[in-house]
Amino acid sequence: MSKENGKGGQDISRRRFLKGAGLTALSISNMAEGKAAPIKSAVGPGPTALSLSVNGVQHKLQVEPCETLAETLRWKLGLTGTKVSCDRGTCSACTVWLDRKPFCACMTLTIDVGKRPVTTIEGLAENDTLHPIQQAFIDKDATMCGFCTPGMIMSCAALLARNSSPTLDDVRHAVSGNFCRCGTYPKVFEATLAAAGVEGVANEKFGGSSQ
Ligand code: FES
Ligand code: FES
């Protein structure tokens with residue numbers, strides 16, 4: 001997965017991440033004992049009111065400063081398609097889009113989302129029509145237990161949004177941060193290439209059938 005998206009932080013524990021975020025806010029106020037520049041947007045320690053755009057709908061919420069986007073989506077908005085597995089930035093099961101770029105929702109504080117629109121797996125289809133990559137995952141049987149599937153699909157859909165003719169290596173790179181315990185990778189590659197219209201390449205590489 002592209003590391004611009006914050007999904008390359010496999011060695012960053014969630015505790016360090018949250019601690020670091022808190023310290024950043026604190027250090028601004030205490031910088032140089034001398035009371036550096038005042039904080040313009042200090043939040044906490046209690047809940048903070050904010051507005052969050054998710055799948056095209058604006059939500060007014062109260063969130064804790066330490067609350068992750070995954071927690072907000074799942075527990076406050078009921079969008080449980082975003083899965084939480086490791087909860088520390090190593091598996092990408094929680095992948096969502098921020099401004100159409102993939103991010104790990106378990107490593108993103110909701111208060112840091114700002115005005116960036118959030119897209120979850122629930123927002124990928126257009127009414128009753130599945131996104132091509134969702135349909136391809138079904139057609140190519142690219143899922144087993146399904147726990148990694150929403151995150152995997154969000155990563156693959158982001159790839160197709162920025163590159164309509166990906167190579168096999170492009171697909172491999174796009175899901176390099178998405179961990180699938182069931183080992184569905186060949187089917188995921190095949191489905192993504194099929195959704196991009198380069199099915200012949202997928203079949204040639206993996207011996208898949210043309211369906
Ligand atoms: S990376 Fe977020 S749950 Fe694993
Ligand atoms: S399908 Fe089971 S973890 Fe990927």
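**Figure 1. Overview of the predicted chain and its contacts.** Among the contacts in the chain with a separation of 6 or more, 59% are between residues 24 or more positions apart. The model shown here and in the following views is predicted. Its secondary structure amounts to seven helices and five strands. Along the sequence these elements follow the pattern α-β-β-α-β-β-β-α-α-α-α-α. Of the 211 residues in the chain, 37% are buried.

**Figure 2. The hairpin of strands β3 and β4.** Strand β3 covers residues 95-98 and strand β4 covers residues 101-104; the two pair in the antiparallel sense through four bridges. Within this pairing, V96 has F103 of β4 as its bridge partner, and W97 stands opposite P102 in β4. Two residues lie between the strands of the hairpin, and D99 adopts a positive phi near 55° there. As background to this view, most residues other than glycine have a negative phi.

**Figure 3. Strand β5 beside strand β3.** Strand β5, residues 118-119, runs antiparallel to β3 and is joined to β3 by two bridges. T119 in β5 is the bridge partner of W97. W97 thus has a place in both views of β3, since W97 also stands opposite P102 in β4. In a regular strand, side chains alternate between the two faces of the sheet.

**Figure 4. Helix α4 and its surroundings.** Helix α4 consists of 14 residues, 149-162, and at 1.5 Å a residue it should span 20 Å; the C-alpha atoms at its ends are 20 Å apart, in agreement with that value. Because 12 of the 14 residues of α4 are buried, the helix is largely enclosed by the rest of the structure. The buried residues of α4 are T149, P150, G151, M152, I153, M154, S155, C156, A157, A158, L159 and L160. They pack against strands β3 and β4 and against helices α3 (132-139), α5 (168-174) and α6 (185-195). The hairpin strands of Figure 2 are therefore among the elements packed against the buried residues of α4.

**Figure 5. The packing of helix α4 with helix α6.** The axes of α4 and α6 are 11 Å apart, and the two helices pack at an angle of about 35°. The crossing of α4 past α6 is right-handed. From α4, the residues M152, C156, L159 and L160 meet V188, T192 and A195 of α6. The residues of this contact comprise six nonpolar, one polar and no charged. An α-helix has 3.6 residues a turn, so residues three or four places apart point the same way.

**Figure 6. The environment of V188.** V188 is placed in helix α6. With 28 other C-beta atoms within 10 Å, V188 is buried, because 20 or more such atoms are enough for a residue to count as buried. Apart from neighbours within four places in sequence, V188 is in contact with A142, M152, C156 and V175. Of these residues, M152 and C156 also appear in the contact of α4 with α6. I153 lies 35 residues from V188 along the chain, and the C-alpha atoms of these two residues are separated by 8.7 Å.

**Figure 7. Two loop residues with positive phi.** S92 belongs to the loop between α2 (69-76) and β3. Although S92 is not a glycine, its phi is positive, at about 65°. S92 is buried, with 30 other C-beta atoms within 10 Å. D141 is located in the loop between α3 and α4. The phi of D141 is near 55°, again a positive value in a residue other than glycine. D141 is partly exposed, with 13 other C-beta atoms within 10 Å.

**Figure 8. R172 in helix α5.** Helix α5 contains R172. R172 is partly exposed, with 14 other C-beta atoms within 10 Å. R172 and C156 are 16 residues apart in sequence, and their C-alpha atoms are 9.5 Å apart in space. C156 is one of the buried residues of α4, and the buried residues of that helix pack against α5 among other elements.

Methods:
Residues numbered from 1 in each chain as written. Chains lettered and ligands numbered in written order. Predicted model: local features only at pLDDT ≥ 70, side-chain atom pairs only at ≥ 80, totals over all residues. Contact = placed C-beta atoms within 7 Å. Expected span 1.5 Å × (residues − 1). Axes fitted to C-alpha atoms, helices over the stretch in contact; angles between N-to-C directions. Left-handed = near helix turned anticlockwise from the far one by under 90°. Nonpolar A, V, L, I, M, F, W, Y, C, P; charged D, E, K, R; others polar.
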